Amino acid sequence: MDMCRILGFTGENFSSQNFDLALNHLKRGGPDGNGVYQCKENKVYFGHTRLAILDTSKNGAQPMVTNNDDCVIIFNGEIYNYKSIKNKLLKIGYNFKSYTDTEVILYAYKEWGENVFNMLEGMFAIAIYDTQKNIVILSRDYFGIKPIYYYHDENNFSFASEVKALKILIPTIQESIDWKVYFLTFGFIPEPQTVLKNVFCLKSGHYLVYNLKNKNISTFSYLKINTSKLNYNNKTLISRFFNQLDNSIESCLTADGKVAISLSGGFDSSYIAKIASDNKIVSSLSLDSTSVKVSERKSINYITRKLKIINHKSLLTKKIFLNNLDNILKAYDQPSIDGINTYFISKFANNNNVKVLLSGLGSDEL
């Protein structure tokens with residue numbers, strides 16, 4: 001499930017009304033609160049809508065500002081190694097007001113600058129306003145799990161978690177003439193393209209720097225991948241793979257609220273459920289169908305019995321699908337032939353007050 005939404009604008013043509021409308025549009029991704037930061041002198045505006053995962057108190061609210069107001073951050077995602085980074089910062093002498101990973105990123109950037117992005121293990125879309133350098137920085141995780149889109153012209157720079165929010169923020173943005181060709185060719189809009197002209201998706205594993213003084217943007221890759229040949233046998237590689245996978249799943253279970261597994265009965269989600277059950281996470285959610293050909297009920301029942309975990313099923317019928325079709329189309333930020341099952345399982349999770357839902361989404365591609 002998605003976590004929060006971020007929004008930002010800097011430039012000459014700011015509209016507080018459009019900014020509020022765009023932020024309101026993003027609330028469905030962050031229903032637990034929202035906040036705005038304004039630097040009218042430099043014409044920088046940050047907005048955030050929150051889905052509270054870590055430190056659900058007001059101390060975890062965003063935008064978050066350093067003690068001496070030299071850096072501001074808005075963040076969507078979760079950093080799984082934030083505690084180890086926090087310990088390094090504590091030894092240096094930093095103090096923290098919250099128990100969030102957001103505050104750790106903020107002070108880690110202050111200490112190590114752009115090098116911090118390569119230190120982060122997790123999924124993220126980050127925006128930082130550095131008042132000393134007079135720059136705005138955007139960064140996106142290795143695999144591009146969290147999206148972040150930006151628009152740039154000679155007078156303005158803006159960004160958002162959703163393309164639709166940018167259209168609300170700057171209504172004069174025109175539609176791209178190529179998006180229909182991309183959609184009909186691939187079934188989705190391939191990055192960095194979008195349905196809007198001059199609106200692009202920041203590439204995964206990259207960060208962008210916008211200079212408020214000269215109004216130029218520069219993008220950089222922060223990926224540091226070791227491409228040297230590995231002299232390991234298959235047994236060692238398999239062992240390393242499963243150790244890494246198990247550690248990854250365990251780290252994703254960190255939350256100050258309910259965590260559940262999206263269980264389809266396939267190998268990927270079943271393995272995640274196995275590791276989660278070893279860590280006492282025993283709740284799972286599944287979609288079921290009245291069609292025998294489509295239903296995965298048998299495999300889901302087998303896995304839940306084997307692992308002794310609770311499973312909640314939501315029956316998806318043709319009538320339910322048609323009744324939700326309008327909302328499904330509205331929920332799409334950009335056209336896609338995929339994602340309908342994700343819509344229903346996310347809705348089911350929300351109805352069960354689950355804020356963190358682990359799934360095997362993406363593992364087939366890997």
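## Cysteines without partners

Cys71 is buried in this structure, with a relative accessible area of 4%, and the model in which this value was computed is a predicted one. A disulfide is a covalent bond between the sulfur atoms of two cysteines. A search of the whole structure finds zero disulfides, and for Cys71 the nearest cysteine sulfur belongs to Cys39, at a distance of 13 Å. Since a pair of sulfur atoms has to lie within 2.5 Å to count as a disulfide, Cys71 is in no disulfide.

Cys252 is likewise in no disulfide, the nearest cysteine sulfur being that of Cys4, which is 16 Å away. Cys252 also counts as buried, at 18% relative accessibility, a value that falls under the 20% limit used for that word.

## Nonpolar cores

The largest nonpolar core has 50 residues, and those with the most contacts inside it are Ile73, Leu89, Phe117, Leu120, Ile126 and Leu358. Helix 3 gives the most to this core, contributing six residues. Apart from this core lies another one, which has 22 residues and includes Ala165, Leu169, Trp179 and Leu196.

Ile126 shows what such contacts look like for a single residue: when neighbours within four places in sequence are left aside, its contacts include Ile73, Phe117 and Leu120, and these three residues are also listed with Ile126 among those with the most contacts inside the core. Other residues in contact with Ile126 are Ile74, Phe75, Ile105, Ile137, Leu138, Ser139 and Ile148.

## Salt bridges across the chain

Side chains of opposite charge can pair when their charged atoms come close. The count for this structure comes to nine salt bridges. One of them joins Arg28 to Glu162, with the closest N and O atoms 3.1 Å apart. Arg28 lies in the loop between helix 1 and strand 2, while Glu162 lies in the loop between strand 9 and helix 4, so the pair ties together parts that are 134 residues apart in sequence. The two partners differ in their surroundings, for Arg28 is partly exposed, with a relative accessible area of 44%, whereas Glu162 counts as buried at 4%. Arg28 and Glu162 are also linked with Arg5 in a network of salt bridges.

A second pair is formed by Arg140 and Glu191, whose closest N and O atoms are 3.0 Å apart. This pair links distant parts of the chain, with Arg140 in strand 7 and Glu191 in the loop between helix 5 and strand 10, 51 residues apart. Here Arg140 is buried, with a relative accessible area of 1%, and Glu191 is partly exposed at 48%.

## A salt bridge within one helix

The side chains of Asp278 and Lys274 meet in a salt bridge, at 2.8 Å from N to O. Both residues lie in helix 7, four residues apart, which is about one turn of the helix. Asp278 is partly exposed, with a relative accessible area of 44%, and Lys274 is partly exposed too, at 35%.

## A buried acid without a salt bridge

Glu103, found in helix 3, is buried yet has no salt bridge, and the nearest side chain of opposite charge, that of Lys86, is 6.0 Å away. A salt bridge needs the nitrogen and oxygen atoms to be within 4 Å. The side chain of Glu103 does reach the backbone nitrogen of Lys97, at 3.0 Å. Leaving aside neighbours within four places in sequence, Glu103 is in contact with Met64, Asn95, Phe96, Lys97 and Ser98.

Notes
Residues are numbered from 1 along each chain as its sequence is written. This is a predicted model: local features need pLDDT of at least 70, side-chain atom pairs count only at pLDDT 80 or more; totals for chains, interfaces and linings use all residues. Side-chain values use heavy atoms; hydrogens and water are left out. Helices (H or I, at least four residues) and strands (E, at least two) are DSSP runs, numbered from the N terminus. Buried means under 20% relative accessible area, exposed over 50%, partly exposed in between (1.4 Å probe, protein chains only). Lys and Arg count as positive and Asp and Glu as negative; His and the chain ends are not counted. A polar contact is a pair of N or O atoms within 3.5 Å; within protein, one must be able to donate a hydrogen and the other to accept it, and residues adjacent in sequence count only if both atoms are side-chain atoms. Contact means heavy atoms within 4.5 Å. A nonpolar core is a set of buried Ala, Val, Leu, Ile, Met, Phe, Trp, Tyr and Cys residues joined through side-chain atoms within 4.5 Å.
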